[in-house]
Amino acid sequence: MNQPSIDPKSLEDAAALLRAGKLCAFPTETVYGLGADAMDADAVLSIYETKGRPRFNPLIIHCADLAMAETIAEFSPFARRVAALWPGSLTLVLPAKPGNGLADVATAGLDTVAIRIPDHPVALALIAAVGRPLAAPSANPSGRLSPTTAYQVRLGFKGKVPVLDGGPCRAGVESTIIRIEGERLVQLRAGAVAREEIERLLGVVVEVAEKDAAIVAPGMLASHYAPNALMRLDAEPQPGEAYLAFGRGVEFAGVTRNLSPDGDLHEAARNLFSMLHELDAAGVGTIAVAPIPEWGLGEAINDRLQRAAAPRDL
């Protein structure tokens with residue numbers, strides 16, 4: 001990875017890279033993923049090495065359809081009922097099927113697997129063209145801001161990772177992760193599908209995992225999704241800071257981005273990482289962030305902000 005990569009010009013070019021054991025970033029409806037053949041241990045190791053990702057942090061496995069998903073995970077009747085919400089921004093943590101062929105490093109040696117079917121035509125066509133599940137965490141250096149455009153992937157990896165450009169991601173935050181325990185649902189990570197929406201669609205209460213729960217799925221590290229700048233949450237901006245605003249009546253003379261002037265949480269989620277990228281590029285030392293409501297997608301937005309603002313090694 002010492003030389004800039006050559007981006008694939010077509011979906012088939014990207015599939016050929018992945019079939020050859022190489023990495024290729026690709027779009028999903030949530031954020032761009034750094035893809036590798038989930039059954040190729042060397043390829044999956046390249047994900048960890050390229051991102052600088054801790055090996056104990058498992059990866060989400062992306063499948064083209066339920067038939068592919070059922071080759072790598074055990075689906076109870078209840079799990080199939082939940083999986084009816086696919087394709088979409090929902091990751092399910094399920095028991096791994098014995099002999100499923102996944103590289104152990106993809107699941108961090110756990111007996112469960114985090115799996116989803118993305119709701120993006122390019123992602124689905126790419127997985128189908130490869131013919132194997134793809135391991136794909138967000139396509140960014142570990143702990144840094146997730147990318148929602150191909151340009152942000154190139155910037156994050158300094159052009160050394162090939163990326164299949166599928167335009168901006170429409171959701172803007174990662175998938176919601178739910179562990180299925182019998183007929184219980186436990187949210188491990190808030191995401192692009194609000195917990196209340198899952199409860200409404202399934203008629204089942206979704207519990208929330210304890211904050212100090214063991215890491216059994218991506219996105220559970222205390223410090224994650226961080227810009228280079230430090231962050232102050234629920235804050236009024238001070239001179240010399242940048243400001244990530246939300247709602248109407250914003251008055252600040254410094255560098256400012258507004259997640260949603262109308263207070264729309266869907267718009268705010270879609271803009272979150274892109275606007276943090278833009279504020280970070282301004283070179284300020286600190287980003288002040290306006291209060292964000294906790295309901296609906298606000299749960300996922302606040303989760304990302306809290307992890308971005310957590311103490312970290314710099």
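**View 1. A polar contact at T256 in strand β12 of the predicted model.** The backbone oxygen of G254 sits 3.0 Å from a polar atom of the T256 side chain. T256 belongs to strand β12. T256 is partly exposed, because its relative accessibility is 25% and the buried class stops under 20%. Beyond its close sequence neighbours, up to four places away, T256 touches Y243, A245, V250 and L279. Two of these contacts, Y243 and A245, are residues of strand β11. L279 falls within helix α8, residues 265-281. As a long-range reference, take A36: T256 and A36 are 220 residues apart in sequence. Their C-alpha atoms are 37 Å apart in space.

**View 2. The four-stranded open sheet, ordered β10-β13-β11-β12.** Pairing in this sheet is parallel. Strands β10 and β12 form the edges, each pairing on one side only. From one strand to the next, the twist averages 20 degrees. Three bridges link β10 to β13. Within that pairing, M231 has I287 of β13 as its bridge partner. Helix α8 lies across β10, β11, β12 and β13. Relative to β11, helix α8 runs at about 165 degrees.

**View 3. Strand β11 and its two partners, β13 and β12.** Strand β11 covers residues 242-245. Its side chains split by direction: A242 and L244 point one way, Y243 and A245 the other. All four are buried. Toward β13, residues 286-289, there are three bridges in a parallel pairing. A242 stands opposite I287 there. Toward β12, residues 256-258, there are again three bridges, also parallel. L244 stands opposite R257 in β12. I287 appears in two pairings: opposite A242 of β11 and as the bridge partner of M231.

**View 4. Two separate nonpolar cores.** The largest nonpolar core holds 61 residues. Which of its members touch the most others? They are W86, L92, L126 and L185. Leaving aside neighbours within four places in sequence, W86 is in contact with L66, A69, F75, L92, I115, R116 and I117. A second core, separate from the largest one, has 33 residues. Among its members are A242, I287, A288 and I292. A242 and I287 also face each other across β11 and β13.

**View 5. Strand β2, paired with β1 and β6.** Is strand β2, residues 33-37, mostly covered or mostly open? Mostly covered: five of its five residues are buried. G33, G35 and D37 point one way, while L34 and A36 point the other. Strand β1, residues 24-26, pairs with β2 in the antiparallel sense over three bridges. A25 has L34 as its bridge partner in β2. Together β1 and β2 make a hairpin, with six residues between the strands. The pairing of β2 with β6, residues 134-135, is antiparallel too, over two bridges. A36 stands opposite A135 in β6.

**View 6. Cysteines C63 and C169, with no disulfide anywhere in the structure.** A disulfide is a covalent bond between the sulfur atoms of two cysteines. A search of the whole structure finds zero of them. Why is C63 unbonded? Its closest cysteine sulfur, in C24, is 18 Å away, too far for a bond. The cut-off for a disulfide is 2.5 Å. C63 is buried, with a relative accessible area of 0%. For C169, the closest cysteine sulfur is in C24 as well, at 14 Å, so this pair is also too far for a bond. C169 counts as buried at 5% relative accessibility.

**View 7. P227 in the loop between β9 and β10.** The loop connects β9, residues 206-208, to β10, residues 230-232. P227 is buried, because its relative accessible area is 1%, and the limit for buried is under 20%. K51 gives a distant point of reference along the chain, 176 residues from P227. The C-alpha atoms of P227 and K51 are separated by 15 Å.

How values were computed
Residues numbered from 1 in each chain as written. Predicted model: local features only at pLDDT ≥ 70, side-chain atom pairs only at ≥ 80, totals over all residues. Heavy atoms only, no water. Buried < 20%, exposed > 50% of the residue type's maximum accessible area, 1.4 Å probe, protein only. Pairing = 2+ DSSP bridges. Axes fitted to C-alpha atoms, helices over the stretch in contact; angles between N-to-C directions. Contact = heavy atoms within 4.5 Å. Polar contact = N/O pair within 3.5 Å; in protein donor to acceptor, adjacent residues only side chain to side chain. Core = buried A, V, L, I, M, F, W, Y, C linked by side-chain atoms within 4.5 Å.
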